[in-house]
Every structure is written in C-alpha cells, then in structure tokens.
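Got your viewer open? Let's take a walk through this protein, one selection at a time.

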Amino acid sequence: MTQPAPHRCVVLGIGLRAQAQAADLQALWLQARQHQPALENFCAVAVLQGKEQRPALQQWAAQLPFAVAMVAVAEQALPAQPVVTQSPRLLARYGTGSVAEAVALSAAAPAPRLLLARLLAGDGSATLAAALRERGTTPYCCLAAGLRPADPQTQGVTA
C-alpha cells in the first residue's frame, strides 16, 4: 500500500497598496492558479506587517472556500529573502525587489522555495507570489492550525 505524500505547505505572498480591492486579489489568485494549478489550495497568506487588517485583504480571505492563516511579516525580514523580481522602487523602499515574493518566502521558512514569481494586478495595486515549504509544515500550516482537514489536493505539491 502506498502512503500518501506528506502535506507540503504553500504560502501566498501578497503585496498591496491602499487602493487595492478584494476583486484585485481574487483576479490575481485566479491568474496564479492558471500558472500553477496546485495553488487552488494553500495554507497561509503572508503580508507585510501592518497590512494584515486591510479591508480588501480581509474581504478576499473571507470569500475563499477554505480557511487560511494570515501571517504578518516584519519589514526587517524582507532583504534576506532570495527574490527573483527586482523592482527598483521596492529595493529603495524595503531592500527587496518584491514584497510579495519576500513575504511568501519568509513565511515558508526555514526551507522555502519560490513556486510562483510575482504577478502584478492590472492597476498596480496588488501583487501575488507563492512559496512552498520544502520540508515539514510551516508554523502557519492550515492542518497544524486545525483550520481544515487533510486535503489530497494539497499533498505532494510540486513546482
């Protein structure tokens, strides 16, 4: 009998400006799922600390068909993350080329792998990236947190 692959935690990283709307985040998530169908299910949403209560983010998370953990990442953690996108504006402001990639990688530590590089909303108000924790679960794992039961679709996620 074959054992199912262990659960592998996927974290979405979100960057958002004040004008971002829940519809912007939904459109980015749908776009991300076209690139990586495994992103249909994920464990957590990571954002820059101080943005976790933004109405657009809360509205979008509330309309998801499953519960997710919300992770606030300190700005000081961003420069250490190996992002692939290099926005000069964000490098000057935060010391990273992509807030979305950096928060996803930080929340998926200590063994993160970038699954999806930053996607940008049409109006530039929001970004989305995804990271996978290579080994074990994140402290924000949906299963470990009891947010939902094991789901075969979230098992063995690969890039």
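Before the first click, a quick definition: two strands count as paired if DSSP finds at least two bridges between them. Also keep in mind that you're looking at a predicted model.

**Stop 1: strand E1**

Select strand E1, residues 10–16. Which strand runs antiparallel to E1? That's E5, joined to E1 by seven bridges. Click on Val-11 and look across to E5, where the bridge partner of Val-11 is Ala-131. Now check E2: E1 and E2 pair in the parallel sense, over four bridges. Here Ile-14 stands opposite Val-47 of E2.

How many of the residues in E1 are buried? Seven of its seven, so to speak a full house. In a regular strand the side chains alternate between the two faces of the sheet. In E1 both faces are covered: Val-10, Leu-12, Ile-14 and Leu-16 are buried on one side, while Val-11, Gly-13 and Gly-15 are buried on the other.

**Stop 2: the nonpolar cores**

In soluble globular proteins, nonpolar side chains tend to be buried together. Try selecting Ile-14, Phe-42 and Trp-60: in the largest nonpolar core, which has 27 residues, these three touch the most other members. E1, H1, E2, H2, E4 and E5 each supply at least two residues of this core. Which element gives the most to it? H1 does, with five residues. Another core, of 21 residues, lies apart from that one; pick out Ala-46, Val-71, Val-99 and Ala-107, which are among its members.

**Stop 3: helix H2**

Next, select helix H2, residues 55–63. Colour Ala-56, Leu-57, Trp-60 and Ala-61, which are buried. Then turn the view until you're looking down the axis of H2: its buried residues fall within an arc of 125 degrees, so they line one face of the helix. An α-helix has 3.6 residues a turn, so residues three or four places apart point the same way. The face of H2 turned away from its buried side carries Pro-55 and Ala-62, both exposed. What covers the buried residues of H2? The cover includes E1, H1, E2 and E3.

**Stop 4: the aromatic rings**

There are five aromatic pairs in the structure. Show Trp-29 and Phe-66 as sticks: their ring centres are 6.3 Å apart and their planes are at 75 degrees, so this pair is edge-to-face. The two residues come from distant parts of the chain, with Trp-29 in helix H1 and Phe-66, 37 residues away, in the loop between H2 and strand E3. Buried or exposed? Both Trp-29 and Phe-66 are buried.

Add Phe-42 and Trp-60. The ring centres of Phe-42 and Trp-60 are 6.3 Å apart too, but with the planes at 10 degrees, so this pair is stacked. It also links distant parts of the chain: Phe-42 is in the loop between H1 and strand E2, and Trp-60, 18 residues apart from it, is in H2. Phe-42 and Trp-60 are buried. Keep all of these rings on screen, since Trp-29, Phe-42, Trp-60 and Phe-66 form one aromatic cluster.

Now click on Arg-33. What does the charged end of Arg-33 sit over? It sits over the ring of Trp-29, 4.5 Å from the ring centre.

**Last stop: a cis bond**

Finally, zoom in on Ala-109 and Pro-110. The peptide bond from Ala-109 to Pro-110 is cis, with omega near 15 degrees. You'll find Pro-110 in the loop between helix H4 and strand E4.

Note on methods:
Residues are numbered from 1 along each chain as its sequence is written. This is a predicted model: local features need pLDDT of at least 70, side-chain atom pairs count only at pLDDT 80 or more; totals for chains, interfaces and linings use all residues. Side-chain values use heavy atoms; hydrogens and water are left out. Rings of Phe, Tyr and Trp (its six-membered ring) pair if their centres lie within 6.5 Å; planes under 30 degrees apart count as stacked, over 60 as edge-to-face and the rest as tilted. Buried means under 20% relative accessible area, exposed over 50%, partly exposed in between (1.4 Å probe, protein chains only). A charge sits over a ring if NZ of Lys or CZ of Arg is within 6 Å of the ring centre and within 35 degrees of the ring normal. A nonpolar core is a set of buried Ala, Val, Leu, Ile, Met, Phe, Trp, Tyr and Cys residues joined through side-chain atoms within 4.5 Å. The arc is that of the directions from the helix axis to the C-beta atoms. Contact means heavy atoms within 4.5 Å.
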